[in-house]
Amino acid sequence: MTVRNLEYLFRPGSIAVIAEPEEPSSYADLVQRNLAGGGFTGPLAMVAARRASRLRLGPRVRVDPLPFVPDLALICAHFDNIPAIVAQLGERGVRAAIIGPSIRDKLDGPGFAAVRKAILEAARPHLMRLLGSGSGGIIVPGRGINASVSPILARPGKIALVTESASVASAIIDRAASTGVGFSTIIHLGASLDIDLADAIDWLADDPDTERILVQFDSIT
């Protein structure tokens with residue numbers, strides 16, 4: 001349990017969405033629209049992760065040059081391409097990333113576990129923090145950040161919501177919007193590959209914008 005580099009996730013000053021142009025992603029398009037519509041005033045970029053030709057040596061996917069080094073990257077890609085993307089982002093100075101829902105290329109159990117391990121190994125040398133995999137994202141209303149699948153930017157408040165279910169988060173946001181309830185942060189952990197419930201609570205416990213923490217979880221490791 002550590003809050004190291006979590007400021008880049010909860011308080012990013014710049015954000016980039018990394019997506020594969022060969023595989024149109026409704027998730028990438030949705031997140032980009034929500035970021036643009038949320039009122040985020042920092043640098044925002046859409047960057048391609050392109051598949052290399054079969055004859056080219058090196059990683060099977062290469063991230064295009066970044067127009068700036070983002071504090072936070074949102075990765076929208078095939079699951080088995082994510083280790084290479086994470087490694088390249090880490091080498092370029094990115095310290096936090098959200099791994100969204102992805103196509104798993106019909107990976108079996110051992111194959112899926114191997115990719116999860118490769119993702120963590122790619123992030124570790126750069127002290128890069130990862131939200132997900134399969135995360136619906138994060139919302140920080142007071143800072144105009146809607147790096148999530150929710151089209152509704154919740155109003156600012158003092159309650160932090162930490163959830164395991166994106167659908168539950170959406171239902172709570174919708175209900176809260178109709179009753180005037182606001183949030184300091186809404187975060188969907190997904191599979192908790194790196195950042196888990198303990199990390200999130202540890203950060204939010206010291207967050208001056210948070211007075212209460214609401215947790216929704218089906219099970220706790």
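The following exercises, each with a worked solution, concern the structure shown above.

The model is predicted, so local features need pLDDT of at least 70 and side-chain atom pairs count only at pLDDT 80 or more, whereas totals for chains, interfaces and linings use all residues. Residues are numbered from 1 along each chain as its sequence is written, and side-chain values use heavy atoms, with hydrogens and water left out.

**Exercise 1. The open sheet**

Task: Determine the order of the five strands in the open sheet and state which strands stand at the edges.

Solution.
Step 1. Strands are DSSP runs of E with at least two residues, helices are runs of H or I with at least four residues, and both are numbered from the N terminus. Two strands pair if DSSP finds at least two bridges between them.
Step 2. The order is β8-β7-β10-β9-β11, with mixed pairing.
Step 3. β8 (145–148) and β11 each have a single partner strand, so one side of each lacks a neighbour in the sheet; these two stand at the edges.
Step 4. Direction ignored, neighbouring strands of this sheet are turned by 15° against each other on average. Axes are lines fitted to C-alpha atoms, for helices over the stretch in contact, and angles run from 0 to 180 degrees between N-to-C directions.

**Exercise 2. The surroundings of β11**

Task: Describe how strand β9 and helix α6 are placed relative to β11.

Solution.
Step 1. Strand β9 (residues 156–163) runs parallel to β11 and is joined to it by five bridges. One bridge partner in β11 is Q216, which pairs with T163.
Step 2. Helix α6 (residues 197–205) lies across β9, β10 (183–188) and β11, at about 165° to β11.
Step 3. V215 belongs to strand β11 (residues 212–216). Its relative accessible area is 35%, which means that V215 is partly exposed; buried means under 20%, exposed over 50%, and partly exposed in between (1.4 Å probe, protein chains only).

**Exercise 3. The salt bridges of R129**

Task: Identify the salt-bridge partners of R129 and state where each partner lies.

Solution.
Step 1. Side chains of opposite charge can pair when their charged atoms come close. A salt bridge is a side-chain nitrogen of Lys or Arg within 4 Å of a carboxyl oxygen of Asp or Glu. The search of the whole structure finds eight salt bridges.
Step 2. R129 pairs with D194, with the closest N and O atoms 2.9 Å apart. R129 is in strand β6 (residues 129–131) and D194 in the loop between β10 and α6, 65 residues apart.
Step 3. R129 also pairs with D199, where the closest N and O atoms are 3.4 Å apart. Because D199 lies in helix α6 and R129 in strand β6, this pair ties together parts 70 residues apart in sequence.
Step 4. R129 is buried at 6% relative accessibility, D199 is buried at 3%, and D194 is partly exposed at 22%.

**Exercise 4. Helix α3 and its contacts**

Task: Decide whether Q88 is buried or exposed, and list its contacts beyond four places in sequence.

Solution.
Step 1. Q88 lies in helix α3 (residues 82–91).
Step 2. The relative accessibility of Q88 is 9%, so this residue counts as buried.
Step 3. With neighbours within four places in sequence set aside, Q88 is in contact (heavy atoms within 4.5 Å) with P59, V61, R62 and V63.
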